[in-house]
Every structure is written in structure tokens, then in C-alpha cells.
Amino acid sequence: MLITITIRDLLFPVSFLLLLPCEAGANISYPLRFAATLGICYGRVANNLPPTSEVINILKTNGISNVRIFDPDPFTLQSFSGTGINLMTGVPNEVLPSLASGTPASALQWLQTNIFAHIVPSQIRYIAVGNEVLLKDSFYSPYLVPAIVNLYQALKMLNLDGTIKLSSPQAASVLSVSYPPSLGAFDPSLRAVLRPLLSFLHETKSPFMVNVYPYFSYTSSRSNQVTLDYALFRSNDMVQDGQLMYGNLFEASLDAVVHAMEKEGFAEVEVVVSETGWPKGGGEAASVENALAYNENVVRRVVGNVGTPRRPGVGIEVYLFDLFDENGKGGDECEKHFGIFGHDGVKAYDLRFNSEN
């Protein structure tokens, strides 16, 4: 069954922000609320991962208290329960049609059966509804916002709508234009879903989630449009965009998303980087040295509350990908080699998650 949604279909009133004109490239002061947070993705598409009890010990030893898991596996949730580690837990793409075509009551039953029966709600920071649906799994696009709305109403029934935020991680390529950042714009063909999604995020004070991979931008660029140094935060050349200067692709990518949201009238929606990382093998420029250089600079910016040129000093919430290599992943060989830790718990390279480890 095909489901469509318009703004008036949302179960709460929607207001739009009026953007004041400003010089292109100037930064604006936003009443943004998120503190800088560093987390890590715990992908499990592998047959050689350590027991979850050892995983939790690795996380605690390294001071990592925010983790993204991609599906609500009961045993995994139970293992994290009571550990004090906060989770972003995913809702698989294939579940979206049933959640969208059901009712808030049926969404409530799904939440209670699949998540809250296994872990206390206080440990759930986000529910990530689908992953890269709009571009990589577009069959489910019409179901995305209706599923989110039903889940939101279910959380309201439990008085959890203020503490658990709903969003949907998207690929950075939902932008049709990303360079320079001030020209950032969403793909017009996706606006029918993106605008209701952004409306929901604005009304519920939830973040727009985006998966950012400068590695793939570098390896797919033609005519050296993206240099390796620019992707790895070590370029001596700055890219000027109006009044703002960019020295790396990570910050430029985030600000392109910010500008795209501003153009749609949603300047106050915050951005969470739901995935970012660099492979240490299996492809061009994939090495331990480059993975360390990239992730180290991302961590430094998060811990230092650097923000971006467009939103300076505004803390960014970032989830590094990946905790371990995943030998069961398809696609290019490099997809299997993003792991920061070996299966024995030893770091593949000396990445420090804070000043103490």
C-alpha cells in the first residue's frame, strides 16, 4: 500500500521559520541546544565478533558512553541494560511499512516488544527510524514519515517524547549541491519526504541525522576535485565561501547540510553525524595512518566544541564508524575495514576518545 503525507497530515501543528536575509557565507547565532557528544557505531555484520560482555568492557575502558546499534536485537539490548551506556537504536527499513500503516497503539506495542522489554527507556537516547532510506532503499521512502509520526505518538503515550528523540539517518548525498557549502541544497526529487521530515524534526526539537564520509567523496571525485589532504584535515589551503573559510571536507559537508535546511526554512534544526569514519584497508587511500588522521581530527573537534564555520562553538554530536571490522558486509572491500578496535579489544591505532585514554 502506498502512503503519502502532507504537512497537514502530521498529528501536531507545524510552524515554519522565517529566515532573515543575511550575507552569503556569514555565520548566524542559533539557539541550538546540543552539547558535543562522541559516540561509536556497533555494527554486527560479522561472524567473528567478541561476546557482547567483552564489547561493553571495551567501551567502558575507553570511556565511550554513547553507542549506535543498527537494529533492536533483543540480546544486544539486554546486554547493554544497566550498563549506563546510552543507545541510538535503529528501526530496520523493512519494518517501516507496518509501522506506517498501523496506528500509534500498534507502534506502542512494537516499541514495548522490541525495545523496552529488553532495556530501560532511560538508556535510549535516540530511535533512528530507517537508515539512508531516501537514496539507498527508496522503496520505503513513502513510509518513513508516517512511521516516525506513529512512533512519536506512541512515545507520547509513555511520556517519553521529551527524552527519546526520533530521527532518520540519511546519506550526505541527499544534497544535490554541496559545494561551496553556502549553495548546499537538497535534491528536489526528495523534497516530498524531506520537508515533512524536517517539519517533524523542528516541531519535536529533534536533530537531522546525516552519515558523512569524506573518504568516499575523495575516492569518487574526478579531476582531483577533493584532495586527500582536504579530506584528512591536513590541507594548508583554505577554501573561501563568502566570509567563511574551510580547511577540511568534514566541516564543509556539515555546513552544506545546514545551508540546505536553511533554504527549506528550518534554520534551527540541529545536525547529528550518525556515521563517519575512514577505512584502514581494502581500498584507495585506506590505511591505518589515514584512518587515525581522520578520526583523530574528528574527535578533536568534538571534544573541543569547535563547531563548524557556519555554527562556530556549537557542539557537534558524532558517532564514529565502526567499533570492529565487519567481514560480512557487501560492497567494496573497504566496507569491511572501518573497525577502530580489533576483536581482542586492542585498538587498531592509537585513537584517544578523550584526554584520559
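Trainee: How many bridges join β6 to strand β9, and which way do the two run?

Mentor: Good place to start, and keep in mind that this is a predicted model. Strand β9 (residues 208-211) is joined to β6 by 2 bridges, and the two strands run parallel. One bridge partner to look up is Val-210 in β9, which sits opposite Gln-170.

Trainee: Where does β6 stand in the sheet?

Mentor: Read the strand order first. The open sheet has 9 strands, in the order β5-β4-β3-β2-β1-β13-β12-β9-β6, with parallel pairing. The edges are taken by β5 (165-167) and β6 (170-171); each has a single partner strand, so one side of each lacks a neighbour in the sheet.

Trainee: Which strands does helix α6 touch?

Mentor: Helix α6 (residues 141-157) packs on the sheet and touches β3 (86-91), β4 (124-129), β5 and β6. The direction of α6 makes about 175° with that of β5. Helix α7 (residues 191-203) lies across β5 and β9, at about 125° to β9.

Trainee: Now helices. How do I read α10, and is α10 mostly covered or exposed?

Mentor: Here is the general idea: an α-helix has 3.6 residues a turn, so residues three or four places apart point the same way. In this model, α10 (residues 249-263) has 15 residues and reaches 21 Å from first C-alpha to last, close to the 21 Å expected. As for cover, 14 of the 15 residues of α10 are buried.

Trainee: What caps the N-terminal end of α10?

Mentor: Asn-248 does, with a side-chain oxygen 3.3 Å from the backbone nitrogen of Phe-250. Just after α10, Gly-265 takes a positive phi of about 95°.

Trainee: How many salt bridges does the count come to?

Mentor: Side chains of opposite charge can pair when their charged atoms come close. Here the count comes to 12 salt bridges. One of them joins Arg-125 and Glu-317 at 2.8 Å, N to O. That pair links distant parts of the chain, Arg-125 in strand β4 and Glu-317 in strand β13 (residues 317-320), 192 residues apart.

Trainee: Is Glu-317 buried or exposed?

Mentor: Glu-317 is buried, at 0% relative accessible area, whereas Arg-125 is partly exposed at 27%. Try Glu-132 and Lys-136 next, which meet at 2.9 Å, N to O: Glu-132 is buried at 9%, while Lys-136 is exposed at 62%.

Trainee: Which residues do shared salt-bridge partners join into one network?

Mentor: Arg-191, Arg-195 and Glu-264 form that network.

Notes
Residues numbered from 1 in each chain as written. Predicted model: local features only at pLDDT ≥ 70, side-chain atom pairs only at ≥ 80, totals over all residues. Heavy atoms only, no water. Helix = DSSP H or I, 4+ residues; strand = E, 2+ residues; numbered from the N terminus. Expected span 1.5 Å × (residues − 1). Buried < 20%, exposed > 50% of the residue type's maximum accessible area, 1.4 Å probe, protein only. Polar contact = N/O pair within 3.5 Å; in protein donor to acceptor, adjacent residues only side chain to side chain. Pairing = 2+ DSSP bridges. Contact = heavy atoms within 4.5 Å. Axes fitted to C-alpha atoms, helices over the stretch in contact; angles between N-to-C directions. Salt bridge = Lys/Arg side-chain N within 4 Å of Asp/Glu carboxyl O.
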